[in-house]
Amino acid sequence: MSSPHPLSGTPPRSREQVAELHFMDARYKLLDLAAFLDRLERASGGDDHRIRGLRQALPLLLEKGDGRVAKILSLWSDPSAAPIEKSDTKAATGVWPGIK
Amino acid sequence: MRYIEPHGHMVSRTTDDYQAMTMAGCAAICEPAFWAGFDRKSADGFYDYFCQLTQHEPKRAAKFGLPHYCWLCINPKESEDVALANDVLALIPQFLKSPTVLGIGEIGLNKNTRNEMKILEQHIELAVKYDQLILVHTPHLEDKRKGTRLIMDALKANGVVKPERVIIDHVEEHTIGEVLDAGFWAGITLYPESKATPVRAVDMLENFASQRVWLNSACDWGVSDPIAVPKAAQEMRRRGHSAAAIDSLVYGNPVRFLSQCPNFKDPAALKS
């Protein structure tokens, strides 16, 4: 992955300033995610590849350093390199179906 | 504030959207050819669609004072049918003479199949033959990283395509760096549910500063927001970016890329 090159003119910010701007947004999204996981617990059946992918992404949120979004998107990506012969669908599901 | 909407599928939008975009500062709109949400059964359907893009939609936009431009292709979602795709490719050259056509797009891949690759390569050859700009659609979600790499390989393998004349759209955090490092322009698409939100887009901009990035709403018939670009500008303003930096991103950058096509006229120059 390419190294970031910070946008010149980006104002320096303290964590407090970032929290002022975006904490409430992050808060409601985290609660929505928690509610989604609770909803899964109340439902029957096992995890499909999407839910497995989501569970595998959760520890990445607590890793140190920048680049969490890229790491999660990469985790969910098809790791193969060659074109496939044919697809039986036009749609994507959000997580590579082959994820373990 | 002024901005260019470099990627909007206005044939699927209402006049209320044109009104909202104009009121938010939109100065010009560019419409790539895309998938209608269902597969068209014949090249005749595409002939009509290209007429709509080159003749009818510019008139509809003009009622709101908006210059309207378009890109032509068969979208990768319909290129699995190679025979149909070849018929559509044969139609395109006659429409390239239209004064509002910007180039070939949005071409690319959807599920990264061999047939999609074949038609992508033919589109690239067509663009080279007629000296056209290229607008690339990268696949959705889990197929994006692989597809983006395959597309860049195909563009490089052509040997003639100049990366500065290609914009690779729908980049996200895991693809933007590779696209910019390869010398291409990168488009960040702002969607409420998939692709990037305005907040993530501004994070990417702050991390990958580049003069080769544009923002677009890609508003279409699905869940999308025709005024997503000014919302991202608002996010930049909240974070303390200057008015000049915002203008450079949402107006200056698309004008610089699109001005490589002689059909595109800087709206500011038109008004002066």
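**Notes on the two-chain model**

1. Starting with chain B: of its contacts between residues at least 6 apart in sequence, 73% join residues at least 24 apart. A contact here means that two C-beta atoms, placed from the backbone, lie within 7 Å. Before going on, a word on provenance: this is a predicted model, where local features need pLDDT of at least 70, side-chain atom pairs count only at pLDDT 80 or more, and totals for chains, interfaces and linings use all residues. Residues are numbered from 1 along each chain as its sequence is written, with chains lettered from A and ligands numbered from 1 in the order in which they are written.

2. Chain B carries ten helices and eight strands; these are DSSP runs numbered from the N terminus, with helices being H or I of at least four residues and strands E of at least two. Its C-alpha trace spans about 50 × 40 × 30 Å along the principal axes. The radius of gyration is 17 Å, which agrees with the value near 19 Å for a compact globule of 272 residues. That radius is taken over C-alpha atoms, and the globule rule is 2.2 Å times the number of residues to the power 0.38. Buried residues come to 53% of the 272 in chain B. On burial, the cut-offs are 20 or more other C-beta atoms within 10 Å of a residue's own for buried, 12 or fewer for exposed, and partly exposed in between, with C-beta atoms placed from the backbone.

3. Chain A reads quite another way: three helices, zero strands, in the order α-α-α from the N terminus. A compact globule of 100 residues would have a radius of gyration near 13 Å, but chain A has 18 Å. Buried residues are just 7% of the 100 in chain A.

4. As for the interface, 31 residues of chain A are in contact with 35 residues of chain B. On chain A's side, helix α3 (residues 68–75) gives the largest share, four residues. That side divides into 16 nonpolar, eleven polar and four charged residues. Nonpolar covers Ala, Val, Leu, Ile, Met, Phe, Trp, Tyr, Cys and Pro; charged covers Asp, Glu, Lys and Arg; the others, Gly among them, are polar.

5. Inside chain B, helix α2 (residues 43–62) and helix α3 (residues 82–95) pack at about 30°, axes 9 Å apart. Axes are lines fitted to C-alpha atoms, for helices over the stretch in contact, and angles run from 0 to 180 degrees between N-to-C directions. So α2(B) is roughly parallel to α3(B) (under 35 degrees; over 145 is roughly antiparallel, 65 to 115 roughly perpendicular, the rest oblique). Among the residues that meet are Phe46(B) and Phe50(B) from α2(B), and Leu84(B) and Leu91(B) from α3(B). The contact divides into eight nonpolar residues, one polar and one charged.

6. Two backbone spots deserve a look. The peptide bond joining Gly105(B) and Glu106(B) is cis, with omega about -5°, and Glu106(B) sits in strand β4 (residues 101–108) of chain B. His170(B), not a glycine, has a positive phi of about 65°; its place is the loop between β6 (166–169) and α6 (176–181) of chain B. With 26 C-beta neighbours inside 10 Å, His170(B) counts as buried. For context, most residues other than glycine have a negative phi, and most peptide bonds are trans.
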